[in-house]
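Student: I would like to understand how the labels given to aromatic pairs and strands are justified. Could we go through them one at a time?

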Amino acid sequence: MPWKVVITDHVWPTTDPERAVLEAGGAEVVVAPNGEEATLIELAKDADAIITCFAHVTENVVRAAERCQVIGRFGVGVDNIAVDTATELGIAVTYVPDYCVDEVSDHVIAMLHAWNRKIVLFDRAVKERGWASQGLTMRIMRLRGKTLGIVGFGRIGQAVAKKANAFGLRVLAADPVVSSATVESLGATSVDLATLLRESDFVSLHAPLTQETRNLIGLNEMSLMKPEAFLINAARGPLIDENALYKALTDGTIAGAGLDVMVDNVPAQDHPLLSLDNVIITPHVAFFSQESTLELEQRAAAEVVSVMHGRMPDNLVNAAVLDHPNPRHKLK
């Protein structure tokens, strides 16, 4: 008899790759018509598994899923899943932490170059006003010898460091859980956050979103940064206090920002940050390439199939669930 898996949402054209993996594993696949909590609660009631992308699998959804054995994430972070509730109920949670390391690190470097070489500014000037219509009065840095600060030195932060080294950038890293030896092995220097902010010409955020990192970069932190500094966030929107960022960008505290993520996953079109010329914004696409998306779909589905068949997944988020006295999962 097939088991039921609910896919809450997706941002790619088709679910065929994950559907193939899931159906080969014995699943009946149901794709939610929307990611609203009420919809997911109803669909979760007889679900054996849930896979989510950006939709929030809240405590209410998890508690409604009385048969659920596993919740999988199409992605790296799990801040949109009530992991503590899942663990309490004996439900395994899986994710795919390393599928888009190349894509996100490439995107960060691209934003750095687009800002520094004023690519967007020159493109707009030529198309709107003609060749050589933009005077060369803006600040463009020679990158070699400038400093890039990386906040959060996990897989993606480390990949950014390697690519930055090729451009002759001095790299600083702030991460309380990564050793100085690891940082130094990648050609970077381990420092505290305040030092990183003060010394960096470019700052890129790669920390996970937790209670401790929410609003990690606020007005106090931005006041430490150089007036010429450029802040990049391709990690999680709530790492930055957006009101503080708007103030810092409009009063000259920092020069600019590159944002692939914002506090609201789909910000209002009249959001103040979208009106600023010193902000480069992309719509949460740093993860994307055809190769990375296919890998994500197949691997996220395979993780769920593994749990449903009693096999240990490659990436179990909540290891504590293995010691649950009455687990829903069948993991040994």
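The conversation below takes up a few labels and the reasoning behind them.

Tutor: Bear in mind throughout that this is a predicted model.

Student: What makes Trp12 and Phe74 an aromatic pair that is edge-to-face?

Tutor: The ring centres of Trp12 and Phe74 are 5.1 Å apart and their planes stand at 80°; since pairing requires centres within 6.5 Å and edge-to-face requires planes over 60 degrees apart, both conditions are met. The pair links distant parts of the chain, with Trp12 in the loop between S1 and helix H1 (16-24) and Phe74 in the loop between strand S4 (70-73) and helix H4 (83-89), 62 residues apart.

Student: Why is the pair of Trp115 and Phe230 called stacked?

Tutor: For Trp115 and Phe230 the centre-to-centre distance is 4.8 Å and the angle between the planes is 10°, and because planes under 30 degrees apart count as stacked, the label follows. Trp115 belongs to helix H5 (residues 101-116) and Phe230 to strand S10 (residues 230-233), 115 residues apart, and both residues are buried.

Student: How do you know that Lys118 lies over the face of Trp115?

Tutor: Lys118 is placed over that face at 4.3 Å from the ring centre, which satisfies the distance limit of 6 Å.

Student: What makes S2 and S5 the edge strands?

Tutor: In the open sheet, the 5 strands follow the order S2-S1-S3-S4-S5 with parallel pairing, and strands S2 (27-31) and S5 (92-94) each pair on one side only.

Student: How do you know that S1 and S3 pair?

Tutor: There are 3 bridges between strand S1 (residues 3-7) and strand S3 (residues 49-52), and at least two are required; Val6, for instance, has Ile50 in S3 as its bridge partner.

Conventions: Residues are numbered from 1 along each chain as its sequence is written. This is a predicted model: local features need pLDDT of at least 70, side-chain atom pairs count only at pLDDT 80 or more; totals for chains, interfaces and linings use all residues. Side-chain values use heavy atoms; hydrogens and water are left out. Helices (H or I, at least four residues) and strands (E, at least two) are DSSP runs, numbered from the N terminus. Rings of Phe, Tyr and Trp (its six-membered ring) pair if their centres lie within 6.5 Å; planes under 30 degrees apart count as stacked, over 60 as edge-to-face and the rest as tilted. Buried means under 20% relative accessible area, exposed over 50%, partly exposed in between (1.4 Å probe, protein chains only). A charge sits over a ring if NZ of Lys or CZ of Arg is within 6 Å of the ring centre and within 35 degrees of the ring normal.
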